[in-house]
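Got the model open in your viewer? Let's take a walk through it, one selection at a time.

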Amino acid sequence: MDRREVLKASLASAAAMGISSKHAISSEIDSQVGLKASAVSGEVIAEPPLVNLYDFESAAKRKLSEAAWEYFNSGSADELTLRRNREALDALQLKPRVLVDVTRIDTSCMLLGYKMEHPILLAPTSSHLLAHPDAETATARGATAAKTIMVASTVSNRSIEDICKSASEPIWFQLYVEDDRSAVRALIERAEAAGCRALCITVDNPIPYARNREERVRALAPKLPFPNLGIEAGPGGRSRSRRHFNWDDLKWIQSFAKTPVILKGILNPDDAEEAVHRGVSAIIVSNHGGRVLDTEPATIEVLPAVVDRVAGRLPVLFDSGIRRGTDVLKGLACGASAVLIGRPYIYGLSVAGADGVRDVVNILRAELEGAMALTGRTHLAGIDRSVFWKSRDFSS
């Protein structure tokens with residue numbers, strides 16, 4: 001394929017993702033040459049390496065269309081919860097330990113009967129076609145390379161069958177429970193037949209709430225395919241009604257589901273207690289990355305209360321706001337069995353496809369190992385709330 005054909009292919013991919021021709025051409029040149037000309041002097045300089053998740057975020061913002069960036073990166077309403085997720089994680093101070101033999105750091109864990117090399121999963125996110133022409137199949141390949149579990153969204157741009165075929169690590173299926181029971185059952189059975197190992201039901205989003213940044217650029221967004229639902233729509237899909245979903249509907253799903261059932265979006269300890277009572281296999285403490293009800297607390301703030309209420313009766317996972325290995329450590333210290341990331345791997349996908357997804361997870365894993373070593377923890381079971389400084393610790 002000559003240079004002209006490469007650029008034409010790039011433009012075709014860009015059109016499918018709603019990316020401008022200008023961005024497509026510059027991205028193609030940058031990716032092939034690995035160099036960038038200075039706007040002032042014309043001097044050719046090497047692009048700096050992407051060494052952390054914030055670097056990937058900056059690179060993704062340069063590559064994505066405005067509509068794509070606003071879809072992936074925005075929160076709800078005034079985005080107070082979106083910001084609080086980071087602020088609360090940053091506010092937790094770690095207590096180092098010294099003179100501990102950290103020759104070997106073990107990040108492995110068991111989750112729902114599956115041994116993982118590390119406790120970092122990929123949370124369900126929609127509309128990967130906005131980030132890469134291979135969409136969720138590229139994400140699945142990246143998850144496999146990073147040796148982690150991908151939770152595939154109902155509103156993916158690739159079918160659950162194609163996603164599962166692209167992965168050799170487990171795939172979980174995220175489900176929005178719509179009011180049409182026959183459609184819900186068919187979709188669950190389809191996901192199970194494709195090879196999904198667990199059913200992850202989102203429970204915190206029965207209706208959309210004030211996605212103002214998305215609304216402002218909605219007219220700029222392309223139509224995308226959503227083969228799990230058999231529709232074409234804007235980013236995130238055109239959801240049918242899911243206002244009815246309740247605990248009795250959950251019981252109905254449990255009556256025929258063949259895989260473990262996980263509830264995603266638990267913040268209230270009372271709901272966690274009910275989930276235990278209802279016999280679910282795990283819960284995910286999540287505020288949907290700040291994309292549902294605004295002015296909720298950060299997930300890390302409520303995680304200890306949920307963990308304490310559950311009292312070891314089922315695994316508790318945690319997401320929202322994770323950008324550093326220290327964030328993973330903090331989630332585990334508060335009692336989470338594992339964590340999930342969302343936006344960061346989308347940044348990786350947009351920058352470098354499957355390789356970018358892999359690199360984001362591997363950076364986070366390496367940072368987790370470093371944070372464990374510097375706090376004197378050599379295995380995950382040794383991580384607990386004693387890694388945190390408390391105000392009384394500063395007293396003489």
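Helices here are DSSP runs of H or I with at least four residues, numbered from the N terminus. With that in hand, type in your first selection: L332, which sits in helix α13 (residues 325–333). Keep in mind as you click around that this is a predicted model.

**Stop 1: L332**

Is L332 buried or exposed? It counts as buried, because its relative accessibility is 7% and the cut-off for buried is under 20%. Show what surrounds L332: beyond its neighbours within four places in sequence, it is in contact with P119, S337, A338, L368, L380 and I383. Now draw a distance from the C-alpha of L332 to that of L303; you should get 9.9 Å, for two residues 29 apart along the chain.

**Stop 2: A336**

Slide along to A336, in the loop between α13 and β14 (338–341). A336 has 8% relative accessibility, so this residue is buried as well. Which residues does A336 touch, not counting those up to four places away in sequence? Select L303, V307, V316, L317, F318 and G331 to see them. For another distance, try A336 to V306: 9.7 Å from C-alpha to C-alpha, with their positions 30 residues apart in sequence.

**Stop 3: zoom out**

Time for the whole chain. You are looking at 396 residues, 51% of them buried, with 14 helices and 14 strands. Of the contacts between residues at least 6 apart in sequence, 71% join residues at least 24 apart.

Color by pLDDT next. The chain average is 89, and 86% of the residues score at least 70. Where does the pLDDT stay under 50? Select residues 1–35 to find that stretch; the model has 42 contacts for it beyond four places in sequence.

**Stop 4: the core**

The largest nonpolar core holds 110 residues, and L175, I253 and I283 have the most contacts inside it. Helix α14 (residues 343–374) supplies the largest share of this core, with 12 residues.

Pick L175 for a closer look. Leaving out neighbours within four places in sequence, its contacts are T154, V184, L187, I188, L199, C200, I201, T202 and I253. Note that I253 is itself on the list of residues with the most contacts inside the core.

**Stop 5: two helices against α14**

Show α14 together with helix α3 (residues 53–63). Their axes come within 10 Å and cross at roughly 175°, so the two helices are roughly antiparallel. On the α3 side, select L53, F56, E57, A59, A60 and K63; on the α14 side, the residues they meet include P344, Y347, V351, D359 and L364. By class, this contact has 10 nonpolar, 3 polar and 3 charged residues.

Swap α3 for helix α4 (residues 66–73). Here the axes are 10 Å apart, at an angle of about 155°, and therefore α4 and α14 also count as roughly antiparallel. W69, F72 and N73 of α4 make the contact with R343, I346 and Y347 of α14. The tally by class is 4 nonpolar, 1 polar and 1 charged.

**Stop 6: N205**

Finish in a loop, the one between β8 (198–202) and α9 (212–217), where you will find N205. With a relative accessible area of 6%, N205 is buried. Which residues is N205 in contact with, apart from its neighbours within four places in sequence? Show Y176, R211, R242, H288 and V292 around it.

Conventions: Residues numbered from 1 in each chain as written. Predicted model: local features only at pLDDT ≥ 70, side-chain atom pairs only at ≥ 80, totals over all residues. Heavy atoms only, no water. pLDDT = per-residue confidence, 0-100. Contact = heavy atoms within 4.5 Å. Core = buried A, V, L, I, M, F, W, Y, C linked by side-chain atoms within 4.5 Å. Buried < 20%, exposed > 50% of the residue type's maximum accessible area, 1.4 Å probe, protein only. Axes fitted to C-alpha atoms, helices over the stretch in contact; angles between N-to-C directions. Parallel < 35°, antiparallel > 145°, perpendicular 65-115°, else oblique. Nonpolar A, V, L, I, M, F, W, Y, C, P; charged D, E, K, R; others polar.
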